[in-house]
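Trainee: I would like to learn how to read pockets, metal sites and buried residues. Can we go through one example?

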Amino acid sequence: MNRRKFLTTATITSAAIAFEGCNESNRQAIDYSKHPKKSDATKHININRNKKTVIKLATSWPAHFPIMGTGVEKFAQRVKDVSGGSLEIKIYPKNVLVPALAVFDACSSGQIDAFHSGPYYWKGKNSAFSLFSGVPFGFTAEEINSWMLFGDGLSLWREQYAKYNLHPFLGGNTNIQMGGWFRKPINSLKDMQGLKMRIPGLGGEVFSKMGVNPILLPAGEIYTSLERGVIDATEWVGPALDIKMGFYKVAPYYYSGWHEPGSILELTFNKQSWGKLAFEHQSIIEVCASEMNANMTSEFHHDNIYALEKLKGLGVTLGHFPEDVNDAGKKALKIVMNELSEKNSDFAKVAQSIESYLKLSKAWSDVSLGHFLNER
Ligand code: CA
């Protein structure tokens, strides 16, 4: 085959595959086909502007907590502004109306209309929920958004949450997280054996299979436990939030990681509360939630770059895990995913979708962004 002919064939084949892929893609974020046609759109403008609709939203964060807390506050303000004041989202920070980790149940039962939190907190209800936050060595923030919005992610998430009378939306992303703070350097897998580390979620289960002793601690107890040597290491989020916790003073080895490469945050509604909203209000929430999701991801990136500069001036030793730790992590992940898939068919179904999407996504990300970042 001459080169010209080969290129033509390759182009046509790629176009055919792309077209086929396009047909198969399942655009879930906002289903415009269900929206009213222009001619009868006015029928759906059914808001009584003299009567304000108020939504009770509880969060898992303290009031004004950087990025996650302030992000949801900005979202509420935008909803109020865009709706001309006809829709108000009243925010209840953690423990004001319900405890931080009781928001899921409170929303499911209708005590509150909505909550802002993270799906991995609910893995005790169904291990599949942890997958909607992300997977170690899995999707980046951009990739998980693609899977959620244009792949099967959001429809699978909504199918699972519907069993709990809940209707979720993307509500932000922490962007890639750091591997954690260590009191002593990690030079090989041997140094991880028996290490007491605060690390929750799927990451914690993977670390456990690698010989680490994962410990769960409330945020307020992590610093003191690290200082006193009750724990040897902790992960948190990334420079922007970690610097405020002061971990650098007692555990100066700060390692890049792979356990939370792009963790999703959620804005979730009680199904009846969502269904009762006027169509116009639902649309306003969809648009403002989409803005919150994009802005929070960028805000984490922005604040991380400045916080990292500061940390460098505070005696922090930046590093990354040695290869034997990374290899052991990949092996441990396979075991954890297989075990959880065998125990829970919901987990298996979501994990299968992630695995097949990630395979394709990785092929593209590696030749594009991966290559570029290496060269840059
Ligand atoms: Ca974390």
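Trainee: By class, which residues make up the lining of the second largest pocket?

Mentor: First, the ground rules. This is a predicted model, where local features need pLDDT of at least 70, side-chain atom pairs count only at pLDDT 80 or more, and totals for chains, interfaces and linings use all residues. Residues are numbered from 1 along each chain as its sequence is written, and side-chain values use heavy atoms, with hydrogens and water left out.

Mentor: Now the classes. Ala, Val, Leu, Ile, Met, Phe, Trp, Tyr, Cys and Pro count as nonpolar, Asp, Glu, Lys and Arg as charged, and the others, Gly among them, as polar. Here the lining has 22 nonpolar, 12 polar and six charged residues.

Trainee: How is empty space found, and what volume does the second largest pocket have?

Mentor: Rolling a probe the size of a water molecule over the atoms shows where empty space is left. On a 1 Å grid over the protein atoms alone, a cavity is a set of points where a 1.4 Å probe fits but cannot get out, while a pocket is an open set with protein on both sides within 12 Å along at least five of seven lines; lining residues have an atom within 4 Å of a point. Points are joined across faces, edges and corners, and a volume is the space filled by probe spheres set on them. This pocket's volume is about 940 Å³.

Trainee: Which residues lie nearest its centre?

Mentor: Leu101, Tyr121, Arg198, Pro200 and Trp236, out of 40 lining residues. Helix 6 gives the largest share of the lining, five residues. Helices (H or I, at least four residues) are DSSP runs, numbered from the N terminus.

Trainee: What are the protein donors of the calcium ion?

Mentor: Donors are N, O and S atoms within 2.8 Å of the metal (3.2 Å for Na, K and Ca); water is not among the atoms, so sites may look incomplete. Here they are Gln177 (OE1), Glu235 (OE), Glu235 (OE), Trp236 (O) and Glu260 (OE), at 2.3 to 2.8 Å from the ion. Their spacing along the chain is Q-x57-E-W-x23-E.

Trainee: Are Glu235 and Trp236 buried or exposed?

Mentor: Buried means under 20% relative accessible area, exposed over 50%, partly exposed in between (1.4 Å probe, protein chains only). Both Glu235 and Trp236 are buried. Of the chain's 376 residues, 46% count as buried.

Trainee: How many cavities of 30 Å³ or more does a search of the whole structure find?

Mentor: One. The largest cavity holds about 30 Å³ of space. Its lining includes Trp61, His64 and Glu73.

Notes
Helices (H or I, at least four residues) and strands (E, at least two) are DSSP runs, numbered from the N terminus.
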